[in-house]
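Welcome, and please open your viewer. Keep the selection tool at hand, and we will go from stop to stop together.

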Amino acid sequence: MGAIETVPSVVFKTRVRDESVPGPNPYRWQDLTTEEIFKGKKVIVFSLPGAFTPTCSSNHLPRYEELYEEFKGLGVDQIICMSVNDAFVMFQWGKQQEAKNVFLLPDGSGEFTRKMGMLVDKANLGFGMRSWRYSMLVNDCKIEKIFAEPGYSDNCPDDPFEVSDADTMLAYLKGTESSGVSEPRKAFVG
């Protein structure tokens, strides 16, 4: 994996609530560019293999959600959870997780993930192409720090979760040593 210095330029297909849309489902499609998301802001992105999956649901997303105010206090403007899932799946997962602080960003086609060099095949799980688990601190479109899980490979038999967690990122921002991944915040069923 070559080191990428700035976030790849892509267009994300997102769904937004819009009260001017008639009918019982006031949502519409909205394109969101890399520049719109990252320009002039300090953003944490954590990317994971799939919405509704065990580690992502029990720990990865809930812990970033839980520590949101601490991150804001350290100058972070936004925390983004990314996954190679479509906008509808990300929306429903966000609802199920009761995510209020973390913005769930669908990389439906996997273009951003591919350009990051983080797209892996998870056919061994019946998933297809998904994101390797990682987190990064992006400052005005520049990648300041990236924590990629060890063992990057296609059809990885396990799902490492050691360094892309919220506590490791928080320790990095504070300039302290991470005490390791926290205990799961939620039980997972499925």
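The tour below visits two cysteines and then some salt bridges.

Before selecting anything, note that this is a predicted model, where local features need pLDDT of at least 70 and side-chain atom pairs count only at pLDDT 80 or more, while totals for chains, interfaces and linings use all residues. Residues are numbered from 1 along each chain as its sequence is written, and side-chain values use heavy atoms, with hydrogens and water left out.

**Stop 1: the cysteines**

Select C56 and C81. How many disulfides are there? The count is 0, where a disulfide is a pair of cysteine sulfur atoms within 2.5 Å. The closest cysteine sulfur to that of C56 belongs to C81, and at 7.4 Å it is too far away for a bond. C81 is likewise in no disulfide.

Now show the surface. Is C56 buried or exposed? C56 is buried, because its relative accessibility is 0%. (Buried means under 20% relative accessible area, exposed over 50%, and partly exposed in between, with a 1.4 Å probe and protein chains only.) C81 also has 0% relative accessibility, so it counts as buried.

**Stop 2: from strand to strand**

Next come the salt bridges, of which the structure holds 9. Each is a side-chain nitrogen of Lys or Arg within 4 Å of a carboxyl oxygen of Asp or Glu.

Select D31 and K13, whose closest N and O atoms are 3.1 Å apart in a salt bridge. D31 sits in strand β2 (residues 27-33) and K13 in strand β1 (residues 11-17), so this pair ties together parts 18 residues apart in sequence. Helices (H or I, at least four residues) and strands (E, at least two) are DSSP runs, numbered from the N terminus. D31 is partly exposed, because its relative accessibility is 41%.

**Stop 3: a strand and a loop**

Add R28 and D18, which form a salt bridge at 2.6 Å, N to O. Where do they lie? R28 is in strand β2 and D18 in the loop between β1 and β2, so the pair links parts 10 residues apart in sequence. R28 is partly exposed at 32%, whereas D18 is buried at 17%.

**Stop 4: two helices and a network**

Finally, select D167 and R63, another salt bridge, at 2.7 Å from N to O. D167 lies in helix α6 (residues 166-174) and R63 in helix α2 (residues 54-66), so the pair ties together parts 104 residues apart in sequence. D167 is buried at 13% relative accessible area, and R63 is buried at 11%. Now add E66 and R185: salt bridges that share partners join R63, E66, D167 and R185 into one network.
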